[in-house]
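Visitor: I have a protein model open and would like to learn how to read it. Could you walk me through some features?

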Amino acid sequence: MTKRVLITGSSRGIGKAIAIKLAENGFNIALHFHSNHSAAEEVKQTLTHLGVNVSLLQFDIGDRAAVKQAIETDIAEHGAYYGVILNAGINRDTAFPAMTENEWDSVIHTNLDGFYNVIHPTVMPMVQARKGGRIITLASVSGIAGNRGQVNYSASKAGIIGATKALSLELAKRKITVNCIAPGLIETDMVSDFPTDLVNQMVPMKRMGKPNEIAGLANFLLSDDAAYITRQVISVNGGMI
Ligand code: NDP
């Protein structure tokens, strides 16, 4: 039976690249977006042309009740996910002394509470399906090493790393792997105004990564070849750290 994967934030950027790569490899996709419906519809068409089944989900990952309802409805209609990729996330960068309460709260609430809100309703159906599975979270080089201007974002991503490692221990005997991808600077809307000279300073490979270079790793982690990889944080960052 074809395996189905939920990818949050797959209307744009890294999530979109992952959705396309997985569809090319035959996975059915639960495509999620927050605000940009037309972008999500375009991705849905692309995936459908690749011959896979697509369900479209809309929610704010910070809205616990909405996430639970949308995911439970999708699972009731189409069955448990084989894979879940917690990709959606936000940044609100500013030097810490100038950081507002809202900049702190929104990033922690969206990125870290998003872990519980999205993954919690997916886990028991995945366990009960008894087919193993894959959970992949997106952290960041900022969550490993810290980054100036990103105290809020670094905290949220470090939290995701801890949660990912802990959950991997709980699910290992169920043949469900739980790993974290930690990108460096990847060419998406999130870093569209990042200065080129800083890229050259920070990245030994002297360029940003492409969304597809994250998608390749996600696709590998979803594969049977990756069945024994769990509790890991895997960096894709052009040598930044
Ligand atoms: P983008 O800003 O390009 O896309 C973000 C995606 O997340 C969109 O699909 C958006 O949906 C969705 N999203 C945003 N806020 C919410 C929310 N509150 N609820 C639900 N969905 C939401 O991000 P990237 O592709 O660059 O990043 C993807 C992940 O990778 C993030 O977790 C990010 O932190 C991480 N990352 C990115 C790096 C980079 O350099 N780009 C570096 C390190 C980590 P919509 O468009 O519908 O609003």
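Visitor: Which residues of S2 are buried on one side, and which on the other?

Guide: Start with the general idea: in a regular strand, side chains alternate between the two faces of the sheet. In this predicted model, both faces of S2 are covered. Asn28, Ala30 and His32 are buried on one side, and Ile29, Leu31 and Phe33 are buried on the other. Here, buried means under 20% relative accessible area. Because six of the six residues of S2 are buried, this strand is largely enclosed by the rest of the structure.

Visitor: Which strands pair with S2, and over how many bridges?

Guide: Strands of a sheet pair through backbone hydrogen bonds, either parallel or antiparallel. Strand S1 (residues 4-7) pairs with strand S2 (residues 28-33) in the parallel sense over four bridges. Look for arginine 4 opposite asparagine 28, and for valine 5, whose bridge partner in S2 is isoleucine 29. S2 and S3 also pair in the parallel sense, over five bridges; there, phenylalanine 33 has glutamine 58 of S3 as its bridge partner.

Visitor: How does the chain get from S1 to S2, and then to S3?

Guide: Follow the chain from S1 through H1 to S2, and you trace a right-handed β-α-β crossover. A right-handed β-α-β unit is also made by S2, helix H2 (residues 37-49) and S3.

Visitor: What is the strand order of the sheet?

Guide: Seven strands form an open sheet with parallel pairing, in the order S3-S2-S1-S4-S5-S6-S7. Strand S3 (54-58) and strand S7 (233-236) are at the edges with a single partner strand each, so one side of each has no neighbour in the sheet. From one strand to the next, the twist averages 20°.

Visitor: Now for empty space. What volume does the largest pocket have, and which residues are closest to its centre?

Guide: Rolling a probe the size of a water molecule over the atoms shows where empty space is left. The largest pocket holds about 1,300 Å³ of space. It is lined by 49 residues, and Gly89, Ile90, Asn91, Tyr153 and Met190 are the closest to its centre. S2 turns up again here: it is one of the elements that supply at least two residues of this lining, as is helix H6 (151-171). By class, the lining has 21 nonpolar, 20 polar and eight charged residues.

Visitor: And what about the second largest pocket?

Guide: The second largest pocket has a volume of about 350 Å³. Among its 18 lining residues, Met1, Thr2, Lys3, Arg4 and Ala80 are the closest to the centre. S2, S3 and helix H4 (101-129) each give two or more residues to this lining.

Note on methods. Residues numbered from 1 in each chain as written. Predicted model: local features only at pLDDT ≥ 70, side-chain atom pairs only at ≥ 80, totals over all residues. Heavy atoms only, no water. Pairing = 2+ DSSP bridges. Axes fitted to C-alpha atoms, helices over the stretch in contact; angles between N-to-C directions. 1 Å grid on protein atoms, 1.4 Å probe; cavity = no way out; pocket = protein on both sides within 12 Å on 5 of 7 lines; lining within 4 Å. Points joined across faces, edges and corners; volume = space filled by probe spheres on them. Nonpolar A, V, L, I, M, F, W, Y, C, P; charged D, E, K, R; others polar. Buried < 20%, exposed > 50% of the residue type's maximum accessible area, 1.4 Å probe, protein only. Right-handed = clockwise from strand over helix to strand, strands pointing away.
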